[in-house]
Amino acid sequence: MSEHHHGHDHHDHDHHHDNHFTDMEARVKALETVLTEKGLIDPAAIDAIVETYETKIGPRNGARVVAKAWTDAEFADWLKRDATAAIASLGYTGRQGEHMCAVFNTADTHNLVVCTLCSCYPWSVLGLPPVWYKAPPYRSRAVIDPRGVLAEFGLRLAAETRIRVWDSTAELRYLVVPERPAGTDDLDEEELADLVTRDSMIGTGLALSPEASR
Ligand code: FE
């Protein structure tokens, strides 16, 4: 069974930011083409840098938030009640007008984040959104068939696990707090943060086990 939670009525607000992105993307593409033709850049190097920001550098803020929540019950409670303030206390703040909501996975509930209308994403904690997050198939199917989408990411949940799907908006962004993996009692906050992947904070993955991260 799955539920679809609308944080906001998605049709109420202006999504003009996406039009800017289209324009921005066109300009970036034009620049890349000119620089490549002049032999000044290697597109493969650009791809590698973008990949690094999507998967490594960007999501580190979120990983530190999750690791702190795993080790500090008071912080976890604050994160649950007022994610915007708790996250800002670590120095991670979004653009004006964005509010954060942290949704915690439990033994019987798994959370998944999507933006059905465009690509709203928690930039301040996860950096750049992956290409698939912005793609129509993910945006539509995450709501209709979340279990099937998760299976395609290699995440097979028990049939009795409930999946809650959270629809992001320009005003409200979600961060999934995955469950702390077993066998991590001896790890410090920094080591724990290394187990927190970008996908685990979107909900398309789980935190790594200590063995898997070695
Ligand atoms: Fe959006």
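Student: What makes Glu32 and Lys29 a salt bridge?

Tutor: This is a predicted model. In it, the closest N and O atoms of Glu32 and Lys29 are 4.0 Å apart. The cut-off is within 4 Å, between a side-chain nitrogen of Lys or Arg and a carboxyl oxygen of Asp or Glu. Therefore the pair counts as a salt bridge.

Student: Where do Glu32 and Lys29 lie?

Tutor: Both are in helix α1 (residues 16–37). They sit three residues apart, about one turn of the helix.

Student: Why is Glu32 called buried?

Tutor: Its relative accessible area is 18%. Buried means under 20%, so Glu32 qualifies.

Student: Why is Lys68 called partly exposed?

Tutor: Lys68 has 21% relative accessibility. Partly exposed lies between the 20% and 50% limits, so the label fits. Its salt-bridge partner is Asp72, with the closest N and O atoms 3.5 Å apart. Asp72, at 24%, is partly exposed too.

Student: How do you know that Arg81 is exposed?

Tutor: Arg81 reaches 60% relative accessibility. Exposed means over 50%, so Arg81 passes. Asp77, at 38%, is partly exposed. Asp77 and Arg81 form a salt bridge, their closest N and O atoms 3.1 Å apart. They are four residues apart in helix α4 (residues 73–81), so about one helical turn separates them.

Student: What makes Cys115, Cys118 and Cys120 donors of the iron ion?

Tutor: Their SG atoms lie at 2.1 to 2.3 Å. Donors are N, O and S atoms within 2.8 Å of the metal, so these sulfurs count. Their spacing along the chain is C-x2-C-x1-C.

Student: Is Cys115 buried or exposed?

Tutor: Cys115 is at 0%, under the 20% limit, so it is buried.

Note on methods
Residues numbered from 1 in each chain as written. Predicted model: local features only at pLDDT ≥ 70, side-chain atom pairs only at ≥ 80, totals over all residues. Heavy atoms only, no water. Donors = N, O, S within 2.8 Å, 3.2 Å for Na, K, Ca; no water. Buried < 20%, exposed > 50% of the residue type's maximum accessible area, 1.4 Å probe, protein only. Helix = DSSP H or I, 4+ residues; strand = E, 2+ residues; numbered from the N terminus.
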